[in-house]
Structure formats: C-alpha cells, structure tokens
Amino acid sequence: MHSKSVLMDSPAKINLSLAITGRRDDGFHELTSVVCPLSLCDRLVVEVAGDGAGDTLECSNPEIPCDGSNLILKAAAAFRSRMGELPGFHFRLTKNIPHGAGLGGGSSNAATALVAMNRLTGNPLSIEELEVLAASIGSDCPLFVSPRPRLITGRGECLEELPAEAVDALREMRVLLFKPSFGVSTPWAYGAFRQQGEKAWVDPAEVRKQIRHWLADPSDVARLLYNSLQPVVFGKYLALAVLTEQIRITFGLPTLMSGSGSSCFSVLAADNPVEEVKAMVIDALGPEAFVATVRCFAGGSE
Ligand code: C5P
C-alpha cells in the first residue's frame, strides 16, 4: 500500500451533442456524442479500511442509497474481482452534482472510485485497463477515468480524442446549467425514444458532418448542439420546452438538454446578463431548481 487515503474531484458532464444512430444487439443504443466534463464536481475521499473490512460508503445526501446498488460499491466489487485479494475501502462522498439530471454524476463517482482504488494500491492497472473495467459498470463511466472533452461512440464506452483547438475552445466555454426539482429516468427516456421507431435514428454520416462543421470553428459551440432524446423528454415535461425556447428568444443563447435530462444548459457569451437568465429559470422552475454557472473541468486532483 502506498498511501492510506486519497481525495479526488468527481466531475459532472454535459453532452454538447448526443445523436442516437441505431439500436444494438445488446439492447443499448448506438451513440455519437461530444461530451465535456464540468467544473461542477462531487468530492470523493477513499480510505483503506484494513484487511478483512468490507467496502463501505457514506454520502452527504441522504437521498443517495449507500448500499450495493450504488455505483461506487459496484466499482469496488469490480476492482476487487479484477485484482483478487484486497483490503476493504471506505468511501466518503460529498454530493454537489444533482442526480437524475443527465449529468453523469453516478458514473463519474464510480470511475473516480476506480482511479482512487488503483492509486491506493500502487497503480496496478493502466488507464486503458481502468476504462475497460469502467465500461462494465455503466456506458458513461469510461469517459470519467481521465475526464476531458471527447467524442464518444458505441454505447458510450468508445472514446475518441478531439483536436487540441476544439478542446481549447471548450475550456473557454462558460455555461449556465439548470435543473428542475424532478429528474428523468434514463431507461424511461431511451424507452420513449425507441417508441418512435427507426425514423428517429440519425444518419451517422450526418452527425460526423455536423461535428466537422463545428471543428471548422470550435468556438461556435452552437453548431454542435443536438440531442436525440430532447424531443421525447420535452414532450412529457413541457415546462422545459417552454423555458429553453424562452431563453433562446429572449437572450439569444444556444440552449439544450444534457443526456437524458432533466438538466439543461445555455452556452454563455462573455457579455451575457447571467443574473437575468437565472431569474428566468427560477421564475419558471421555482426556487427549488438547481442553477449554476460552470466551466469545463480543468482536471487534476489529489
Ligand atoms: O449504461 P447505463 O447503465 O448508464 O445505462 C442506463 C440505461 O440507459 C440502460 O439501461 C439503457 O436503458 C439506456 N441506454 C441505452 N443506450 C445507451 C446507453 C444507455 O439504451 N447507449
């Protein structure tokens, strides 16, 4: 054992584009998505609990289950079955990322737990091996092993690097992130999408064309914004459809739902009146809504 505990940031993400291009034999959907990890982070402290101790989790948010259904404990079980005999780990999670939000919070916590356990045991697994292990926990998990803006494909587990200029442009981006008090179930959103049949699938060549169009001027993030799941989620939760349209019309801000919702984001320009946009969000969604101005995750945690 190298050290007894590590503290790590576990970032949220937004999907700047999320195109569903088909259905896979395993029942999942085939995606092409540009994702950006965010400065909005949970905090995870992982301690070696000693030989013979089981893995345990405590969380600042009492609504989050701390039993075996939590992805952190699933990550611990996956790490243990990959590595063989290990001491128990104790996880302390401080939750800042809303859940049921399409922000990847649970997936990020699981991937961060894998990186932390790997570090505490002298880094036996490479980044690539951790990404493979992460994919067994959830489609979104691998991208959080080394969080940076990326293109993801497959069911979400295949990671492609973006050109340096595109990553730089996303690091300059500022977004207003907001979420109503209710969440959206990811399996429900994909199920509702499926009801529409194959006509809702996006041609993969069209998606690549849209991404190439963005790459010609990566500072123009609006070129990228697309979400296949947005019409079905907005069809059920009309307040989100009305609010995002109102933000677009009043402030001219490109606005999109992230992942399977219910969080949405507006891409801000330097001179945007953020307080006025926030006031519009609170007016529409009520004071219990989550609202935050965030940037791309700038990495690095110890
Ligand atoms: O992989 P993960 O457990 O995060 O996925 C949650 C749910 O989202 C799946 O059970 C499935 O219903 C849906 N999903 C999908 N296609 C994907 C990713 C997720 O259908 N590529």
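## A walk from the ligand outward

Helix 5 gives the largest share of the shell around the ligand, three residues. Keep in mind as you look around that this is a predicted model.

Let's stay with the ligand for a moment. Which residues are around it? They are F28, H29, L31, G138, S139, R155, T186, P187 and Y190. Sort this shell by character and you get four nonpolar residues, four polar ones and one charged one.

Now look at the individual contacts. The side chain of H29 has an N or O atom 2.8 Å from an oxygen atom of the ligand. The side chain of S139 takes part too, with an N or O atom 2.5 Å from a ligand oxygen. With R155, look at the backbone instead: one of its polar backbone atoms is 2.9 Å from a nitrogen atom of the ligand. How much of the ligand does the protein bury? Taken alone, the ligand exposes 460 Å², and the protein buries 73% of that. As for the place itself, the ligand takes up the space of the largest pocket. Two elements give two or more residues each to the shell: strand 2, which covers residues 29-50, and helix 5, which covers 186-195.

Next, move over to helix 2, which covers residues 105-120 and is where you'll find N118. Is N118 buried or exposed? It counts as buried because its relative accessible area is just 2%, and the cut-off for buried is under 20%. The side chain of N118 has company there: one of its polar atoms lies 2.8 Å from the backbone oxygen of L125.

A111 sits in helix 2 as well. Its relative accessibility is 0%, so A111 is buried. If you jump 36 residues along the chain from A111, you land on P147, and the C-alpha atoms of these two residues are separated by 9.7 Å.

Keep going to the loop between helix 2 and helix 3 (127-135), and you meet N123. What about its phi angle? For N123, phi is near 50°, a positive value in a residue other than glycine. To put that in context, most residues other than glycine have a negative phi. N123 has a relative accessible area of 48%, so it counts as partly exposed.

There's another backbone feature to find, this time at a peptide bond. The bond from G261 to S262 is cis, and its omega is near 10°. In general, most peptide bonds are trans. Where is S262? You'll find S262 in the loop between strand 9 (255-257) and strand 10 (264-268).

Now back to helix 5, where the tour began. Between helix 5 and helix 6 (204-216) there is a loop, and Q196 is found in it. Q196 counts as partly exposed because its relative accessibility is 28%. Pick out V232 as well: Q196 and V232 are 36 residues apart along the chain, and 9.1 Å separates their C-alpha atoms.

The last stop is helix 6, where V207 lies. With 4% relative accessibility, V207 counts as buried. Which residue should you look for alongside V207? Try T21: V207 and T21 are 186 residues apart in sequence, while their C-alpha atoms are 8.7 Å apart in space.

Methods: Residues numbered from 1 in each chain as written. Predicted model: local features only at pLDDT ≥ 70, side-chain atom pairs only at ≥ 80, totals over all residues. Heavy atoms only, no water. Near = heavy atom within 4 Å. Polar contact = N/O pair within 3.5 Å; in protein donor to acceptor, adjacent residues only side chain to side chain. Areas by Shrake-Rupley, 256 points an atom, 1.4 Å probe, with all protein chains shown as cover. 1 Å grid on protein atoms, 1.4 Å probe; cavity = no way out; pocket = protein on both sides within 12 Å on 5 of 7 lines; lining within 4 Å. Sits in = over half its atoms within 2 Å of the grid points. Helix = DSSP H or I, 4+ residues; strand = E, 2+ residues; numbered from the N terminus. Nonpolar A, V, L, I, M, F, W, Y, C, P; charged D, E, K, R; others polar. Buried < 20%, exposed > 50% of the residue type's maximum accessible area, 1.4 Å probe, protein only.
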